[in-house]
Amino acid sequence: MIKSKQKDFIQKKETKIIKGNEAAAFAAKSARVQVISAYPITPQTTVVEKLSEFVDNGLMPGTQYILVESEHSVMACVIGASIAGTRTFTATSGQGIFYMHEMLHWAAGTRLPIVVAIASRGPAPPWNIWADFTDVTSQRDTGWMMSFCSAHQEIFDDILMSYKICEDSDVLLPKFVAYGGFVLSHTSKPVIIEDQDAVDAYLPPLPDEKGWPHIFIDPDRPMMHGNLIMPSGFYAEFRLKIHDAMIKAKSKITSAAREFDRVFGRNYGNGLIQEYKMDDADVGVVIYGDLALQMEEAVNQVREEGYKVGMVKLRYFRPFPTEDIVNASKKVKILGVIDRATAFGSQTGGPISGEVKSALHNIKGAPEILPIIAGLGGREVSLEQQKEQLKILIKINESGELPKDLIHGTLWHGKLEVK
Amino acid sequence: MADTEKWKAINKSRDKRPKLQEYKNWKELSPIPISLPIDGSIGITGDWRTFRPIINEGCNKCGICWMYCPEAVISKKEDGSFEINYLYCKGCGICAKECPTKNIEMKREDDLKND
């Protein structure tokens, strides 16, 4: 019944000046999601508010909008809906993800193609609601794919690409689409909302009554999933299959991004990373999220001063694009990795910098890595500061000297200090 | 023991359990493990029982025990009375508690064996 109604609405291609959260809501609408479960949390709230507005105004005919009492229930609700064979969507942030955590493992273990928008915020305490990706990166081992968006348009585009990737029968995994709280979620930019017919043609068809191939709810074909599996059972084999699907997803991400470029004309590199002026660069940075957008400008300005710098925008944290990072890194002598997130007690203190370091282990011609942590808890990272970060890397390249103020080997850039 | 015959029957029915796939290697597995319905998929759970519910004479055939049984081991006979499948009854006692005529008695298994 839902499905026939879903055909009723039409969206013409138009450019709207909207907030990042609204871009996420428009993407969910364009993907014709069938079940949305919602619980408010800053800075995500306006995503589900906008969706409730769409549903209430009849712009998403047949879509079930379910308001529940907590994030744990939100995830349980979309898991149930997805098992029943529907395309599902929700959004959350910071503490909300932590509350969902148990159900995240259930979603990945059940191999459900759920897509969740994350307006990232710093974990409490101290209480913080501003951009910081620790909320997403700390869900690293749940079996969810995770990508970062650096622009409003990318939020819209990446959510559409996500459904294509997640619903692929070789992948069948859930995914987070993360973007910085407030810095993207609550600022306005022009976003192209694509023509509905083009989106329908790009995305796989909505699941039919039979549901997903591996799990379904059908009284005539009863089945049970999630019950006890003994140590002698196939537990390890099913875990291995999740890892295998995640690695295989890399090629699906690339093909989804390439097809997106062909159909809609917006290029996201190979989907996993985007290189910017890396080919002749001496030093480079790996950066992700909203900071990457401004870093492009910093790279341009530092290049005008005569230095060969480049950057790699990391789009995916899981699956981690190991090969792409290795190939891009080899082009430079010094590589800074800028984290807007923390991984306490790890080798570098930052989740991505540690990952990049381990990817480059035993690689011939690998550059020296300088882990940088900046912009935690939404602290502004100005264009000048990003240029300074690049110049620190240039200085290391020229003199071989590391900055004196490294803390446990990591540059915590932009700390408050009294001079 | 009459139970032995039932054991054999159960083991036979297990062989008839639908097999979704034969395990060759991890690659050939379906994405998730699923279970299909079958009697006693994890064994003879009646072994767990400490107290055995016994339906005494005087049952008014109301069917409340049959409705409340969480393991669905109480079944209706042709004459309208009820019988309990002790192979899978765990002896929780809900039937005895709910019986409006108090005709279900919980008897300790050890005592029954000694009789």
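1. Let me start at a glycine: A:Gly306, just after α10(A), takes a positive phi of about 100 degrees. Keep in mind that this is a predicted model.

2. Working back into the helix itself, α10 of chain A covers residues 291-304. Its 14 residues should span 20 Å at 1.5 Å a residue, and the end C-alpha atoms are indeed 20 Å apart, so the length agrees with expectation.

3. Which residues of α10(A) are buried? They are A:Leu291, A:Ala292, A:Met295, A:Ala298, A:Val299 and A:Val302. Looking down the axis of α10(A), these fall within an arc of 105 degrees, so they line one face of the helix. On the other side of α10(A) you'll find A:Glu297, A:Asn300 and A:Glu304 exposed.

4. What does that buried set pack against? The partners in chain A are the strands β10 (273-276), β11 (283-287), β12 (309-314) and β14 (334-339), along with helix α13 (383-399).

5. Zooming out, the domain assignment splits chain A into domain 1 (2-264) and domain 2 (273-412). Their C-alpha centres lie 29 Å apart. Across the boundary, 27 residues of domain 1 of chain A are in contact with 22 residues of domain 2 of chain A.

6. On the domain 1 side of that contact in chain A, α6 (134-137), β6 (145-148), β7 (175-180) and α9 (235-264) each supply at least two residues. The largest share, 5 residues, comes from α9(A). By class, this side of domain 1 of chain A has 16 nonpolar, 8 polar and 3 charged residues.

Note on methods: Residues are numbered from 1 along each chain as its sequence is written. Chains are lettered from A and ligands numbered from 1 in the order in which they are written. This is a predicted model: local features need pLDDT of at least 70, side-chain atom pairs count only at pLDDT 80 or more; totals for chains, interfaces and linings use all residues. Helices (H or I, at least four residues) and strands (E, at least two) are DSSP runs, numbered from the N terminus. The expected span of a helix is 1.5 Å times one less than its number of residues. A residue is buried if 20 or more other C-beta atoms lie within 10 Å of its own, exposed if 12 or fewer, and partly exposed in between; C-beta atoms are placed from the backbone. The arc is that of the directions from the helix axis to the C-beta atoms. Two residues are in contact if their C-beta atoms, placed from the backbone, lie within 7 Å. Domain bounds come from an automatic or database domain assignment. Ala, Val, Leu, Ile, Met, Phe, Trp, Tyr, Cys and Pro count as nonpolar, Asp, Glu, Lys and Arg as charged, and the others, Gly among them, as polar.
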